Amino acid sequence: MTPDSSPSSDVPDRQWWKEAIVYQVYPRSFNDSDGDGVGDIPGITAKAEYFDSLGVDVVWLCPVYESPQADNGYDVSDYRSIAAEFGTIEDWEHLLAELHDRDIRLLMDLVVNHTSDEHEWFEKSRRREAGYEDYYYWRDGGIGENGDPVPPNNWGSFMGGSAWTYDDEREQWYLHLFDEKQPDLNWRNPDVREEVASLVEWWLERGIDGFRVDAINYISKPEGLPDGESDREPTGIEVFSHGPRIHEYLRELYERTFANYDVMTVAEMADTTVDRAGEYLGEDGDGLNMILHFEHMDVDVSPRGRFDPSEWGEWSLVEFKEILSRWQTGLGDDWNAQYLGNHDQPRIVSRFGDDEAYRVESAKLLATFLLTTRGTPFVYQGEEIGMTNEEFERLADLDDPMTIGAVEDAAAAGRAGSFDELREFVNYVSRDHARTPMQWSDDEHAGFTTGTPWFDVNANYPEINVEAARADGDSIWHHYRRLIDLRHREDVLVYGEYELLLPEDEQLYAYTRTLGDERLLIVLNWSPEPASLDPDETDADLGLANATTLLSNYDPDATPVGRAFRPYEAVVFRL
Ligand code: GLC
């Protein structure tokens, strides 16, 4: 390598948030310090050493603000205080200090498409208090043919049913794209935008390192709130997603707040394509750093919507590769976020791997994928030990309002008479899988709490838990740690270009990462059957014969050149 082509000089735009590995914490289910059965902030602080030993750089905290918890904190009733069950603002400050002491940054969740109906803005708005009348979407409805009141338009809620609820006090309908306890803020009102900017500023001033911005593609609704006309679910999504003034609002928020701090912003945006992403990202867009898109999350569900029970469960690796590769290569100078699961999705090893015969191998393969592709990787709590889906037997076993709403909708539409008819579907899609408590040890309740957990612990905790994983050098946990270490050492894994090989191969997901003279080849046999890589089939001149193995989920010394890759074998080669 000549001095001019050192990896750092090949790197176009170095940023800490591109090099970071994010670990997502769902506070309710992470670690309970006081025995009330609900995870809390002191419980998270107690695990600061844990984050450090895994090697992650950023902790993203799902909402811990004051909230009636209709949607586990995504219904905020006071943006400037901490929910009592999670702790106090002093606890939160202590967490921030403990993380910062270890050079770990803190990302907060920003939920401002909607508030809780118990937020004082909503209470004032429903009373028509001066200045607050217009903080939310209030509309008169109509009268149906049978004389019953009907909502102002046909939009559906992500939580099932209509997106409108009639309020007896104000005698009008209000809009809620999510639960009826999550009324949508009216971003057209400049006072609302001012409130949002000021609360963002309030947290930034407290020293946080950025925000994950919730459901932000829904904040602008078109004039007249026209009916939806497609068959997509919820009804109206094509109308209320990416509305006409969204860039104006986001750009304004960026200039008022994020632009003045060295922070990371990651926008959750369902229903977003790579072509559209550029409008939001970077200085020439709305200033956001990266997007959590959903295209790969939609690969195995109905094109009409994830909670449509008529189509689910099938997916092909070829399509999966095509989607992910589009995001790997299509963003130009903009940056990607990379994830396979989170608190809204089933467990990754159950969904994209094999949580039985090849649980360990396939969980390691998924980790290899996550940590060797382009874009900031997001690891969701429990993935690092291969936590699996739970089996929900009855409707009463569920907690998530979105899943329950989908079951109710299916019943109302005559698509299912009983929960039993939907059980398999629910067990495939439910968000509740990700919300079972973190499995720390084989102690009672997996060491999550000394009390009664708010949600049942997965019965497999005696085998699948952090303590056991840390004690076993071959575990999924150690594989994550090694991959994180490798990514920290190898600029090529962060900044290198991605090139997909063998796009039509139904078993192998193979790609190269290239930065200057550095070139890595990653081969993932994403199947339970052996698969061979024929270098002649690839366009790239790989030079596999001289490749060295950097990391493998099988025996690292047995470089699989000239032989088949074993089930779920995942290898990182240096070419
Ligand atoms: C996001 C959150 C999800 C929540 C929804 C409404 O999708 O990730 O958990 O239900 O927004 O806030």
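These legends accompany several close-up views of a predicted model.

**View 1. Residues around the ligand.** Twelve positions are shown, running along the chain from Asp 71, Tyr 74, His 114, Phe 178, Gln 182 and Arg 212 to Asp 214, Glu 268, His 343, Asp 344, Arg 431 and Arg 435. Sorted by class, this shell holds two nonpolar, three polar and seven charged residues. The ligand takes up the space of the largest pocket.

**View 2. Polar contacts of the ligand with Asp 214, His 343 and Asp 344.** The side chain of Asp 344 places an N or O atom 2.5 Å from an oxygen atom of the ligand. For Asp 214, an N or O atom of the side chain is 2.8 Å from a ligand oxygen. A polar atom in the side chain of His 343 is also found 2.8 Å from an oxygen atom of the ligand. The ligand taken alone exposes 310 Å², and the protein buries 96% of that area.

**View 3. Thr 388 and its side-chain partner.** Which side chain does the side chain of Thr 388 contact? The partner is Asn 460, and the two side chains make a polar contact of 2.8 Å. Thr 388 belongs to the loop that runs between strand S15 (376-380) and helix H14 (401-412). Thr 388 counts as buried because its relative accessibility is 6%, and buried means under 20%.

**View 4. The cis peptide bond between Glu 233 and Pro 234.** Most peptide bonds are trans. The bond that joins Glu 233 to Pro 234 is cis, with omega at about -10 degrees. Pro 234 is placed in the loop between strand S11 (210-213) and helix H8 (237-240).

**View 5. Positive phi at Arg 128.** Most residues other than glycine have a negative phi. Arg 128 is not a glycine, yet its phi is positive, at about 55 degrees. The loop between helix H6 (120-126) and strand S6 (138-139) contains Arg 128. With a relative accessibility of 44%, Arg 128 is classed as partly exposed.

**View 6. Positive phi at Glu 171.** In Glu 171, a residue other than glycine, phi is positive and near 60 degrees. Glu 171 sits in the loop between strand S9 (164-167) and strand S10 (172-175). Is Glu 171 buried or exposed? Glu 171 is exposed, because its relative accessible area is 55% and the class begins over 50%.

**View 7. Asp 286, a buried loop residue.** Asp 286 lies in the loop between helix H10 (274-280) and strand S13 (290-292). The relative accessibility of Asp 286 is 4%, so the residue counts as buried. From Asp 286 to Ser 430 the C-alpha distance is 33 Å, and 144 residues separate the two in sequence.

**View 8. Arg 487 in helix H17.** Helix H17 spans residues 476-489 and includes Arg 487. Arg 487 has a relative accessible area of 1% and is therefore buried. His 433 is 54 residues from Arg 487 along the chain, and their C-alpha atoms are 29 Å apart.

**View 9. Tyr 65 in strand S3.** Strand S3 covers residues 65-66, with Tyr 65 among them. How is Tyr 65 classed, as buried or exposed? Tyr 65 counts as buried, because its relative accessibility is 2%. The C-alpha atoms of Tyr 65 and Ile 464 are 31 Å apart, with their positions 399 residues apart in sequence.

**View 10. Ala 48 in helix H4, shown with Leu 99.** Ala 48 is part of helix H4, residues 48-54. At a relative accessible area of 1%, Ala 48 is buried. What is the C-alpha to C-alpha distance between Ala 48 and Leu 99? It is 6.3 Å, although Ala 48 and Leu 99 are 51 residues apart in sequence.

Technical notes
Residues are numbered from 1 along each chain as its sequence is written. This is a predicted model: local features need pLDDT of at least 70, side-chain atom pairs count only at pLDDT 80 or more; totals for chains, interfaces and linings use all residues. Side-chain values use heavy atoms; hydrogens and water are left out. A residue is near a molecule or strand if one of its heavy atoms lies within 4 Å of it. A polar contact is a pair of N or O atoms within 3.5 Å; within protein, one must be able to donate a hydrogen and the other to accept it, and residues adjacent in sequence count only if both atoms are side-chain atoms. Accessible areas come from the Shrake-Rupley method with a 1.4 Å probe; for residues, only the protein chains shown count as cover. On a 1 Å grid over the protein atoms alone, a cavity is a set of points where a 1.4 Å probe fits but cannot get out, and a pocket is an open set with protein on both sides within 12 Å along at least five of seven lines; lining residues have an atom within 4 Å of a point. A molecule sits in a cavity or pocket if more than half of its atoms lie within 2 Å of its grid points. Ala, Val, Leu, Ile, Met, Phe, Trp, Tyr, Cys and Pro count as nonpolar, Asp, Glu, Lys and Arg as charged, and the others, Gly among them, as polar. Helices (H or I, at least four residues) and strands (E, at least two) are DSSP runs, numbered from the N terminus. Buried means under 20% relative accessible area, exposed over 50%, partly exposed in between (1.4 Å probe, protein chains only).
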